[in-house]
Amino acid sequence: MPSLQPSMATTPEPGKVIPWRRWAFASLGSVLSNFGSLWFLLAPLLAAYAPRRLFKTYFDLFLRRYARRLLAVVDPYVTVDVSEPGGAASAHYSRYGRVTEHDSAYEEVKAYLSDTCAGEARELRAEGAPEGDGVVISMRDGQDVADEFGGATVWWTSVVRENSQGQQRPHTRQCQRLTFHQRDRRLVVDEYLPHVRRKGREILFSNRRRRLYTNNKSGESFRYDYKAWSYIDFDHPTTFDTLAMDVAKKREIIDDLNAFRSNREFYRRAGKPWKRGYLLYGPPGTGKSTMIAAMANYLDYDIYDVELTVVKDNNDLRRLLIETTSKSIIVIEDIDCSLDLTGDRATQRRRRHDRDNSNTRDENSRRDGSMVTLSGLLNFIDGLWSACGGERIIVFTTNHVERLDEALIRRGRMDMHIVMSYCGFDAFRTLAKNYLGIDDHALFSAVDEILGRESITPADVAECLMTAKRAGSDEPSRLLEIVVDELKQRVEANAKVKAEAEAKAEAEEEAEAAEMDRDDRRGEQNGRKSPKI
């Protein structure tokens with residue numbers, strides 16, 4: 001039976017340790033020693049952080065949906081924050097909407113709440129309106145007010161939020177917080193909030209300073225600071241109450257303006273741009289410019305006075321239209337004098353040809369600095385670009401309507417033609433009340449007789465009333481006697497001026513006829529002298 005000998009690979013000799021085991025034991029000891037030191041450092045952090053992190057991850061993945069459902073049962077109210085924009089806001093409300101680089105919702109909500117919170121909230125804050133002299137009343141922090149819309153009750157609260165995101169230092173932002181029941185979510189989002197913004201825009205718009213704009217010369221558009229329009233504050237005192245005009249005609253114009261302003265949905269339903277054109281024509285001094293001021297004051301619109309002679313071409317005219325605003329009146333005064341827009345297009349072409357061949361710098365050649373055409377003006381009034389924006393009125397004035405092209409003044413472009421005629425008795429009564437404070441008098445019949453017989457403009461009548469006012473008398477009879485005398489003198493002066501004008505025109509016609517006769521005789525003589533071929 002063979003004897004069993006121990007193997008050298010498995011049974012080392014006494015007192016000897018294999019080298020790799022010695023290295024393993026030494027390394028393990030070092031690792032355990034270092035891990036023990038690290039554990040004393042990490043254990044408190046892991047104990048504090050890991051459970052919360054794990055719970056938050058588990059909550060977000062599995063429990064948040066059920067928690068929201070449970071919270072909706074316990075607290076069924078929803079909040080929406082409307083925060084003020086960050087940074088400095090430079091805004092103005094010369095337009096129908098706010099012109100600014102920032103979101104305007106916050107300012108519009110504050111303007112809407114100004115009326116509501118002024119009656120309910122006890123602690124208020126007053127701030128100047130973005131434009132004009134008005135004041136916007138808002139709630140102080142922590143105050144709240146209730147509002148009702150469509151059968152639902154909502155609550156507005158003024159709060160301050162701290163926002164440190166992306167900032168070196170935390171900063172606070174004002175916020176208007178809206179709270180409502182979740183069952184009214186669709187009503188609030190789809191109807192109430194748009195309603196608040198519309199009303200807020202209207203309040204801010206009404207508090208602005210209305211402006212009178214005029215276009216700058218198009219040739220300077222290369223400048224980096226060029227602006228198409230410059231403006232001043234518009235503060236004309238004329239109203240329809242002080243406008244000297246026939247009462248029935250005045251009422252017709254007011255009704256038409258009311259129908260235009262309140263029929264936005266009609267224009268949309270009918271597929272028409274929300275604009276309307278008015279043609280004012282009549283002799284000088286009959287109140288065409290005053291009518292425009294009365295319309296602007298009645299509608300609370302801005303005025304854009306377009307000077308066509310400084311518009312370079314049709315593209316610049318289109319650019320001017322684009323930069324106008326809603327709720328405005330676009331005016332072109334004395335349009336027959338601005339450009340060649342006569343009805344005789346053949347004559348117009350001949351005049352352009354003659355001016356192109358002439359080097360003289362008369363008045364007509366100076367007007368040729370503008371290359372605006374009749375087609376460009378028609379597109380300005382009634383083309384596709386005219387539909388940009390909305391709620392605009394376009395007004396043309398002229399002393400000679402017969403000179404204008406029919407395409408320019410047809411219905412649909414100039415929807416309402418208003419004859420600004422000589423002063424009638426209704427117009428005189430208005431002027432007498434404005435200037436002298438007299439509503440009725442026995443001498444009114446004498447004035448009525450003169451105005452019915454003679455053609456006197458409202459401007460001439462107003463000057464006669466000013467003469468009576470300067471007399472310094474407080475007696476109505478004495479004042480009206482002066483007015484009657486002044487009217488008679490004005491009639492005589494107008495008749496003299498008319499006779500002189502007719503004589504001058506007759507002399508010019510005779511001189512022109514004589515010149516034509518001379519040209520004809522000269523032509524006949526040249527024809528006889530020329531040799532026959």
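R429 is partly exposed, at 31% relative accessibility, where partly exposed covers the range between buried (under 20% relative accessible area) and exposed (over 50%), computed with a 1.4 Å probe on protein chains only. The side chain of R429 meets that of D440 in a salt bridge, at 4.0 Å from N to O; a salt bridge here is a side-chain nitrogen of Lys or Arg within 4 Å of a carboxyl oxygen of Asp or Glu. R429 sits in helix α13 and D440 in the loop between α13 (425-436) and α14 (444-453), so the pair ties together parts that are 11 residues apart in sequence. D440 itself is exposed, with a relative accessible area of 56%.

Before going further, a word on the ground rules. This is a predicted model, in which local features need pLDDT of at least 70 and side-chain atom pairs count only at pLDDT 80 or more, while totals for chains, interfaces and linings use all residues. Residues are numbered from 1 along each chain as its sequence is written, and side-chain values use heavy atoms, with hydrogens and water left out.

Let us step back to the whole chain. The protein has 16 helices and 13 strands; these are DSSP runs numbered from the N terminus, with helices being H or I of at least four residues and strands E of at least two. Of its 533 residues, 34% count as buried. The accessible surface comes to about 33200 Å², and 51% of that belongs to carbon and sulfur atoms; such areas come from the Shrake-Rupley method with a 1.4 Å probe, and for residues only the protein chains shown count as cover. If we take contacts (heavy atoms within 4.5 Å) between residues at least 6 apart in sequence, 68% of them join residues at least 24 apart.

Back to the charged pairs. The salt bridges number 20 by this rule. One of them joins the side chains of D336 and R403, with 4.0 Å from N to O. This pair links distant parts of the chain, 67 residues apart: D336 belongs to helix α8 (residues 335-338), and R403 to the loop between β12 (392-398) and α12 (406-409). D336 is buried at 14% relative accessibility, whereas R403 is partly exposed at 42%.

A local pair makes a nice contrast to follow. E481 and R478 form a salt bridge whose closest N and O atoms are 3.8 Å apart. Both lie in helix α16, and because they are three residues apart, about one helical turn separates them. Each is partly exposed: E481 has a relative accessible area of 37%, and R478 has 42%. Elsewhere, K275, D382, R410 and R413 are joined into one network by salt bridges that share partners.

What about charges on the surface? E502, E506, E508, E509, E510 and E512 gather in a patch of negative charge. Patches are made of residues with over 30% relative accessible area and no salt bridge, joining like charges within 9 Å and nonpolar side chains (Val, Leu, Ile, Met, Phe, Trp, Tyr) within 5 Å. Lys and Arg count as positive and Asp and Glu as negative, with His and the chain ends not counted, and a charge is placed at NZ of Lys, CZ of Arg, CG of Asp or CD of Glu. Within this patch, E509 is exposed at 55% relative accessibility and is found in helix α16 (residues 476-529).

The surface also has a nonpolar patch of about 370 Å², made by I322, L384 and W385. L384 is exposed at 79% relative accessibility, and its place is in the loop between α11 (374-382) and β12.

That loop also holds E391, which is buried, with a relative accessible area of 4%. Its phi is near 55 degrees, a positive value in a residue other than glycine. K327 likewise has a positive phi, near 55 degrees. K327 lies in the loop between α7 (314-322) and β11 (328-332) and is buried at 15% relative accessibility.

Our last stop is R392, in strand β12. R392 is buried yet has no salt bridge, and the nearest side chain of opposite charge, E391, is 10 Å away. Which residues does R392 touch? Leaving out residues up to four places away in sequence, its contacts include F260, W274, K275, R276 and L321, and also T324, T325, S328, I330 and S386.
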